[in-house]
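Visitor: I would like a close look at one part of this model, with the cut-offs stated. Please choose a single helix, then relate it to the rest.

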Amino acid sequence: MFSKTDAERLAAGLEMREAHRALLDHWLSLWPGDALPSRALLSPAKLKYYLPSLLLFDTVPDRSVTIRLAGTRILRTLKTELTGQDWIALAPKSYRAERLRLFSRMARGAFGLGHRRIPLT
């Protein structure tokens with residue numbers, strides 16, 4: 001069961017950059033009560049500033065995670081097209097079960113926050 005109040009309380013306690021906070025606040029503003037917002041409410045046009053660094057996933061808990069949208073900054077950094085790719089299959093074999101477990105938990109209402117550092121030359 002989702003709880004917008006719990007999500008807002010948890011989010012308020014997280015330390016994050018201003019841009020991340022604005023994106024999270026926008027996401028929470030879309031929630032109709034305690035239900036997750038439908039995909040139709042998530043307008044890429046309203047996220048224009050964030051799109052270059054954004055990854056959106058379609059998750060079927062315990063079955064699959066597919067990349068629905070990959071931002072241009074991510075594509076430039078990784079030098080590969082990701083949209084439509086199986087996010088689980090792209091993980092090292094030793095990490096696939098854990099990645100699927102984490103995304104399944106998030107699809108069921110867990111809160112996920114990850115930081116990645118990619119060295120650039």
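Guide: Helix 1 comes first, then the other charged pairs and the nonpolar cores.

This is a predicted model, where local features need pLDDT of at least 70, side-chain atom pairs count only at pLDDT 80 or more, and totals for chains, interfaces and linings use all residues. Residues are numbered from 1 along each chain as its sequence is written, and side-chain values use heavy atoms, with hydrogens and water left out.

Helix 1 spans residues 4-12, and K4 lies in it. (Helices are DSSP runs of H or I, at least four residues; strands are runs of E, at least two; both are numbered from the N terminus.) The buried residues of helix 1 are K4, A7 and A11. (Buried is under 20% relative accessible area, exposed is over 50%, and partly exposed is in between, with a 1.4 Å probe and protein chains only.) Viewed down the helix axis, these buried residues fall within an arc of 60°, so they line one face. (The arc is taken from the directions between the helix axis and the C-beta atoms.) Helix 2 (18-29) is part of what covers them. Contact here means heavy atoms within 4.5 Å. The face turned away from the buried side carries the exposed residues R9 and A12.

Now take K4 itself. K4 is buried, yet has no salt bridge. (A salt bridge is a side-chain nitrogen of Lys or Arg within 4 Å of a carboxyl oxygen of Asp or Glu.) The nearest side chain of opposite charge to K4 is E8, 4.2 Å away. (Lys and Arg count as positive, Asp and Glu as negative; His and the chain ends are not counted.) What does the side chain of K4 reach? It reaches the backbone oxygen of L28, at 3.2 Å. (A polar contact pairs N or O atoms within 3.5 Å; within protein, one must be able to donate a hydrogen and the other to accept it, and residues adjacent in sequence count only if both atoms are side-chain atoms.) Beyond its neighbours within four places in sequence, K4 touches L28, W31, G33 and D34.

Helix 1 does have a charged pair elsewhere. D6 and R9 meet in a salt bridge, at 2.3 Å from N to O. They are three residues apart, which means about one helical turn. D6 is partly exposed at 40%, while R9 is exposed at 55%.

The structure holds four salt bridges. One of them joins E98 and R101 at 2.7 Å, N to O. This pair sits in helix 4, three residues or about one helical turn apart. E98 is partly exposed at 31%, and so is R101 at 39%. Another joins R68 and D58 at 3.2 Å, N to O. That pair links distant parts of the chain: R68 is in strand 2 and D58 in strand 1, ten residues apart. Both are partly exposed, R68 at 39% and D58 at 36%.

Last, the cores. The largest nonpolar core has ten residues, among them V65, I67, W87 and F103. (Such a core is a set of buried Ala, Val, Leu, Ile, Met, Phe, Trp, Tyr and Cys residues joined through side-chain atoms within 4.5 Å.) Strand 2 (64-70), helix 3 (72-78) and helix 4 (96-107) each supply at least two of its residues. Strand 2 gives the most, with three. A second, separate core of six residues includes L30, L42, L54 and L56.

Key:
Lys, Arg positive; Asp, Glu negative; His and termini not counted.
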